[in-house]
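Here is a quick tour for anyone opening this model for the first time. Have a look at the sequence and the 3D view, then read on.

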Amino acid sequence: MPRIAVAAVIASVLAPLAAAAESLRIVATTSDLATLARAVTGDVAQVETIIPPATDPEAFEPRPSDLARLKGAAVVVRIGLGYDHWLDKLLSMHGDAAVQRGGAGYVDASFGIPLLEVKGSSVDLANQDGHAHGLANPHYWLDPGQAEIITGGIAEAIIRIDPRLTDQIIAGRDNFLARLQTRRTQWEQLLAPYRGARLVAYHNTWPYFARRFRLNIVDVIETKEGVSPSPGRLARLAATILHEPFEPDDAAQLLARRTGAMVVKLAPSVFSVPAASGYAELFDYNVGTLVRALTAPSN
Ligand SMILES: [Zn+2]
């Protein structure tokens, strides 16, 4: 009898472990994609992020531990457009054909997105410096309207890999998108009085966000192709300056002192500031912060 009891205890301890090991593993390059993958999959999948939250994603270099992270991944999700160009090398070292470009578990989330700032295809993505955009502006997740396309690509890959999950994945995605739609209407209403507001950004992160919410990004401070915009020109343009946690803030602060413009810290990604703790929370934070700044008397 005691032997049976021990065996039962062991079995009950091992059962959940075995179930967890069998659950679908999804590896996303960014926190934004990981959050969207979690929103779709709920407890069906285990989702991991490669780029840590407290780093500048466009200056990221993978470490050996990131290769280990790909082990057993059924689905790999990337931003594409050169934003996470280092993933190609990591995937070829990893070697699993199922998650390579063209494989059933490979998701380039930019596929199907109506892109902004599209360039020619001759750009050598692998040899770019951080912060130089490749084929098009890659910050498309900052338009909540694109969540439909991004989650669609993720859902399709999961269903290709395990068709038994079809109903659950479709229901999870529908539920998430319905809740997001309600929030989108609220964000649009909050920003509606500031339609056409003139904003200067440090990095060219915000064109998708600006298009969705009808704001006007008039220039970027960051040096473009070796040429900084002249302070005089920025002084004429500046109204509110958008600044991100990982950017050097001296240029923004200098411009603000010269022009009286206000510097506003926005979150370019989920987890880049503590308040941006999820996909909807990212917009709650950014919309709320921007509305407060644009309402302030000095503007
Ligand atoms: Zn960028």
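A residue counts as buried when its relative accessible area is under 20%. With that in hand, note that this is a predicted model, and start at the metal site. Glutamate 58 and histidine 139 are both buried.

What are the protein donors of the zinc ion? They are Glu58, which appears twice through OE atoms, plus His133, His139 and His203, each through NE2. These donors lie 2.0 to 2.5 Å from the zinc ion. Along the chain, the donor residues follow the spacing E-x74-H-x5-H-x63-H. Glutamate 58 and histidine 139 link distant parts of the chain, being 81 residues apart. Glutamate 58 sits in the loop between strand S2 (45-49) and helix H3 (64-69), while histidine 139 belongs to the loop between strand S4 (106-108) and helix H5 (147-161).

Now for the sheets. There is an open one with 4 strands in the order S2-S1-S3-S4, paired in parallel. S2 and S4 are at its edges with a single partner strand each, so one side of each has no neighbour in the sheet. From one strand to the next, the twist averages 20°. Inside this sheet, S1 (residues 24-28) and S3 (residues 75-78) run parallel and are joined by 3 bridges; alanine 28 stands opposite valine 77 in S3.

Another open sheet of 4 strands, also with parallel pairing, has the order S6-S5-S7-S8. Its edge strands are S6 (216-220) and S8 (262-265); each has a single partner strand, so one side is left without a neighbour in the sheet. Here neighbouring strands are turned by 35° against each other on average, direction ignored. S7 (residues 240-243) pairs with S8 in the parallel sense over 4 bridges, and isoleucine 241 has valine 263 in S8 as its bridge partner.

Helices pack on these sheets too:

| Helix | Strands touched | Angle between directions |
|---|---|---|
| H2 | S1, S2 and S3 | about 170° with S2 |
| H9 (residues 250-259) | S7 and S8 | about 170° with S7 |
| H10 (residues 279-295) | S5 (198-201), S7 and S8 | about 165° with S8 |

One last stop is serine 31, which lies in helix H2 (residues 31-41). Is serine 31 buried or exposed? Serine 31 counts as buried because its relative accessibility is 9%, and the cut-off is under 20%. A polar atom of the serine 31 side chain lies 2.7 Å from the backbone oxygen of valine 270. Leaving aside neighbours within four places in sequence, serine 31 is in contact with Thr49, Ser269, Val270 and Phe271.

Definitions and conventions. Residues are numbered from 1 along each chain as its sequence is written. This is a predicted model: local features need pLDDT of at least 70, side-chain atom pairs count only at pLDDT 80 or more; totals for chains, interfaces and linings use all residues. Side-chain values use heavy atoms; hydrogens and water are left out. Helices (H or I, at least four residues) and strands (E, at least two) are DSSP runs, numbered from the N terminus. Buried means under 20% relative accessible area, exposed over 50%, partly exposed in between (1.4 Å probe, protein chains only). A polar contact is a pair of N or O atoms within 3.5 Å; within protein, one must be able to donate a hydrogen and the other to accept it, and residues adjacent in sequence count only if both atoms are side-chain atoms. Contact means heavy atoms within 4.5 Å. Donors are N, O and S atoms within 2.8 Å of the metal (3.2 Å for Na, K and Ca); water is not among the atoms, so sites may look incomplete. Two strands pair if DSSP finds at least two bridges between them. Axes are lines fitted to C-alpha atoms, for helices over the stretch in contact, and angles run from 0 to 180 degrees between N-to-C directions.
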